[in-house]
Amino acid sequence: MKTATLINSEILDAHKVTIFLLSLNMEKEYEKLVNEVLIKIGRNVLIFQQIEKGLKLLLPYIHPDGSKNGIDSFRSYKEANKSKTLGNLINRFISCCEYDPDYFVENLKKLVANRNKLIHQFGKSDGVNILATKEGCLTCISDLESQHKEALSFYEDIKLFVLSVLYFIRENYAESHPKIDLLYKQLRAEVISKVEYINLSNSSDTAWENTQIVKLLRLAETNTDKIGDMTLLARAGEFIKSQDPKCTPKKYGIKTLKGVLKVSGLFEIIENQDLQQTGISILYKSKVLY
């Protein structure tokens, strides 16, 4: 009996220890969820702040009220924007941009509503309580992810607008804005890592490395017959047309593929008289980058 009692006692103690350890693991798991919610809240607050900053920089340059009466009007409009909320800034942006009115306005108003919910009402809605249950945390995380995805899409658009403004200031007022060049380069590096950046007014500023036409020129090097170690541009042109007919040099502000090869600076080029003596054949190959 003593042995049986001892065994039962040991089993009971082990069961208690197991329950205790499981409860600790659940607490740790729950703590991770709460921390994830808090991190995502901070991330979303930051992206809404970045959108506000972008709009405050952008609007004086694109809104009619910013330049209707010259530099004084510009300065007063810029100063007035400093105290505006995201809702006011979005309304001003809507009034001066040409987009599909229903879809565009609806989505931007939703953006403002999401921001207000995050700042003023977060945790009050049914099912969104980061301190109550595991299910509440998971619901909260899902809501924050959806909110971030929508805000990020508009933020990427705003960055392109701001980059254009910085380029304009850099080209025309660099002496009076010594930090603009640095800001432009930083933002440009961020933008071109995600989108195809094309500058039609200055082709040398286009991020050629990431453009579709350069990618296709390089793809043609491995998908067309070579002459030695080089590719015939005429064959590359036919290949590009077969892959993407809309991808033409004109899209990038350049007249010919030869112009793309030259202005991008990414290729070695050789021009030879063709065998029929009827014209010049152009050969190219990608430069080796170290």
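The following questions and answers deal with the fold, cores, salt bridges and surface of a predicted model.

User: In what order do the helices and strands of the chain run from the N terminus on?

Analyst: In this predicted model, the chain has 9 helices and 4 strands. Of its 290 residues, 34% count as buried, and residues 24 or more positions apart account for 59% of the contacts with a separation of 6 or more. Read from the N terminus on, the elements run α-α-α-α-α-α-α-β-β-α-α-β-β.

User: Which helix supplies the largest share of the largest nonpolar core?

Analyst: The largest nonpolar core holds 43 residues, of which Ile51, Leu55, Ile90, Phe93, Leu108, Leu111 and Phe154 touch the most other members. At least two residues of this core come from each of H1, helix H3 (86–95), helix H4 (101–121), helix H5 (134–173) and H6. The largest share, 14 residues, comes from H5.

User: With which residues is Leu111 in contact, leaving aside its neighbours within four places in sequence?

Analyst: Leu111 is among the members of the largest nonpolar core that touch the most other members. In soluble globular proteins, nonpolar side chains tend to be buried together. With its neighbours within four places in sequence left aside, Leu111 is in contact with Phe48, Ile51, Ile90, Glu150, Ala151 and Phe154.

User: How many residues make up the other core, which lies apart from the largest one?

Analyst: The members of this other core include Ala236, Ile240, Leu266 and Phe267. The core lies apart from the largest one, and the number of its residues is 20.

User: Why do the buried residues of helix H9 line one face of the helix?

Analyst: Helix H9 spans residues 257–264, and its buried residues are Leu257, Val260, Leu261 and Ser264. An α-helix has 3.6 residues a turn, so residues three or four places apart point the same way. Seen down the axis of H9, the buried residues line one face because they fall within an arc of 100°.

User: Which elements are included in what covers the buried residues of H9, and which residue just after H9 takes a positive phi?

Analyst: The cover over the buried residues of H9 includes two helices and two strands, namely helix H7 (212–223), helix H8 (233–243), strand S3 (267–273) and strand S4 (280–286). Just after H9, a positive phi of about 70° is taken by Gly265.

User: How many residues apart are Arg43 and Glu145, whose side chains meet in a salt bridge?

Analyst: A search of the whole structure finds 16 salt bridges, and in one of them the side chains of Arg43 and Glu145 meet at 3.1 Å, N to O. Arg43 is partly exposed, with a relative accessible area of 25%, and Glu145 is partly exposed too, with a relative accessible area of 34%. Both residues belong to a network of salt bridges that also links Glu36 and Lys40. The pair joins distant parts of the chain, with Arg43 in helix H1 and Glu145 in helix H5, and the two are apart by 102 residues.

User: In which helix do Lys185 and Asp181 both lie?

Analyst: Lys185 forms a salt bridge with Asp181, with the closest N and O atoms 3.2 Å apart. Lys185 is partly exposed at a relative accessible area of 48%, and Asp181 counts as partly exposed at 29% relative accessibility. The two residues are 4 residues apart, about one turn of the helix, and the helix in which both lie is H6.

User: Is Asp205 buried or exposed?

Analyst: Asp205 sits in the loop between helix H6 (180–192) and H7, where its contacts beyond four places in sequence are Tyr167, Tyr184, Arg188, Tyr197 and Asn199. With Arg188, the side chain of Asp205 meets in a salt bridge of 3.4 Å, N to O. Since Arg188 lies in helix H6 and Asp205 in the loop between H6 and H7, the pair ties together parts that are 17 residues apart in sequence. Because its relative accessible area is 9%, Asp205 counts as buried.

User: Which residues make the nonpolar surface patch of about 290 Å²?

Analyst: The accessible surface of the chain comes to about 18400 Å², of which 56% belongs to carbon and sulfur atoms. One member of the patch, Tyr61, is found in helix H1 (residues 2–62) and counts as partly exposed at 31% relative accessibility. The nonpolar patch is made by Tyr61, Phe168 and Tyr173.

Technical notes
Residues numbered from 1 in each chain as written. Predicted model: local features only at pLDDT ≥ 70, side-chain atom pairs only at ≥ 80, totals over all residues. Heavy atoms only, no water. Patch = residues over 30% accessible without salt bridge, like charges linked within 9 Å, V, L, I, M, F, W, Y side chains within 5 Å. Areas by Shrake-Rupley, 256 points an atom, 1.4 Å probe, with all protein chains shown as cover. Salt bridge = Lys/Arg side-chain N within 4 Å of Asp/Glu carboxyl O. Buried < 20%, exposed > 50% of the residue type's maximum accessible area, 1.4 Å probe, protein only. Arc of directions from axis to C-beta. Contact = heavy atoms within 4.5 Å. Core = buried A, V, L, I, M, F, W, Y, C linked by side-chain atoms within 4.5 Å.
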